[in-house]
Amino acid sequence: MSKNVPSDTDSAPERSSSRSREGTRAIFPGSFDPLTSGHLDIITRGLKIFDHLTVGVLHNPEKRTLFSVDERVKMIQETLQGDAERITVKSFSGLLVSFVEELGTHVILRGLRATSDFDYEAQMALMNRQLSPHIETFFLMTSERYSYVSSSLVKQIAPYGGDVSHLVPPQVRKALAAKFSRT
Ligand code: PNS
């Protein structure tokens, strides 16, 4: 095979980087506007596989979000404080692959709820691989209990006082109530 054509195994030296002395590490990126019970389910499952997770919260000034990036980071930190030793929450902007590289790892963790997620996720994973061939995307299936839960649905329900307690962790439910002036 031509040396100019990278094969899938050409990235072997980098592969060892996330299996360092500190253990296996992955980045769980997303908008998290807001964090849902489905995201939490993936984090819990991810911690059974990886020693450390960085939750990467996208800051995209061009995209309107319900919660500011600082609010989203704070909510996630509060929710995950019991696992603080194994989880870091950080915001990032720009390309995800650059963030992953900055952190010195090469695994992106993403959750799949249903086959409908697959097209978008495959497109992102392949684009990220093209941008940075040694970065791998690792998919985990969300529990069927949360397969219908999304941040967008939560944002449709919460303003009208719909019960979101089974869709988001308590810290997020409180933040939503404060946002929509209910206590
Ligand atoms: O929770 P989301 O909105 O589905 O997460 C999407 C996210 C943040 C993972 C994706 O939009 C992203 O990685 N954005 C950063 C910009 C980037 O790198 N885009 C190229 C990926 S194809």
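A salt bridge is counted here where a side-chain nitrogen of Lys or Arg lies within 4 Å of a carboxyl oxygen of Asp or Glu. The model is predicted, so local features need pLDDT of at least 70 and side-chain atom pairs count only at pLDDT 80 or more, whereas totals for chains, interfaces and linings use all residues. Residues are numbered from 1 along each chain as its sequence is written, and side-chain values use heavy atoms, with hydrogens and water left out.

**View 1. The whole protein, with 7 helices and 6 strands.** Helices (H or I, at least four residues) and strands (E, at least two) are DSSP runs numbered from the N terminus, and along the sequence they follow the pattern α-β-β-α-β-α-β-α-β-α-β-α-α. Of the 183 residues, 43% count as buried, where buried means under 20% relative accessible area, exposed means over 50%, and partly exposed lies in between (1.4 Å probe, protein chains only). The accessible surface of the protein comes to about 10800 Å², and 51% of this surface belongs to carbon and sulfur atoms; the areas come from the Shrake-Rupley method with a 1.4 Å probe, and for residues only the protein chains shown count as cover. Among contacts with a separation of 6 or more, 73% join residues 24 or more positions apart, a contact being heavy atoms within 4.5 Å.

**View 2. Strand β2 beside strand β3.** In strand β2 (residues 23-30), 7 of the 8 residues are buried, so this strand is largely enclosed by the rest of the structure. Strands β2 and β3 (residues 52-58) pair in the parallel sense over 6 bridges, pairing being assigned if DSSP finds at least two bridges between two strands. Within this pairing, P29 stands opposite G56 in β3. Between the two strands the chain passes through helix α2 (residues 37-49), and this β-α-β crossover is right-handed, a term used if, with the strands pointing away from the viewer, the path from the first strand over the helix to the second runs clockwise.

**View 3. Strand β3 beside strand β4.** The pairing of β3 with β4 is parallel and extends over 6 bridges, with V55 standing opposite V89 in β4. Helix α3 (residues 69-79) joins with β3 and β4 in a right-handed β-α-β unit.

**View 4. Salt bridges that involve helix α3.** A search of the whole structure finds 7 salt bridges, including one between K179 and E71, whose closest N and O atoms are 3.2 Å apart. Since K179 lies in helix α7 (residues 170-179) and E71 in helix α3, this pair ties together parts that are 108 residues apart in sequence. K179 counts as partly exposed at 31% relative accessibility, and E71 is also partly exposed, with a value of 32%. In another salt bridge, the side chains of E78 and K74 meet at 3.4 Å, N to O; being 4 residues apart in helix α3, these two residues are separated by about one helical turn. E78 is partly exposed at 31%, whereas K74 is exposed, with a relative accessible area of 51%.

**View 5. The surroundings of T142 and E121.** T142 is placed in the loop between β6 (136-141) and α6 (151-157), and T142 counts as buried because its relative accessible area is 9%. Leaving aside neighbours within four places in sequence, T142 is in contact with G38, D41, I42, G111, L112 and R113. One of these residues, R113, forms a salt bridge with D117 (3.0 Å, N to O); R113 is partly exposed at 30%, while D117 is buried at 12%. E121 is found in helix α5 (residues 115-131) and is buried, with a relative accessibility of 5%. Not counting residues up to four places away in sequence, E121 touches R110, G111, L112 and F139. The C-alpha atoms of E121 and F139 are 9.0 Å apart in space, and the two residues are 18 residues apart in sequence.

**View 6. A nonpolar surface patch formed by L95, M127 and L131.** Together these residues have about 290 Å² of accessible area. Patches are made of residues with over 30% relative accessible area and no salt bridge, like charges being joined within 9 Å and nonpolar side chains (Val, Leu, Ile, Met, Phe, Trp, Tyr) within 5 Å. L95 is placed in the loop between β4 (87-92) and α4 (96-102), and L95 is partly exposed, with a relative accessible area of 47%.
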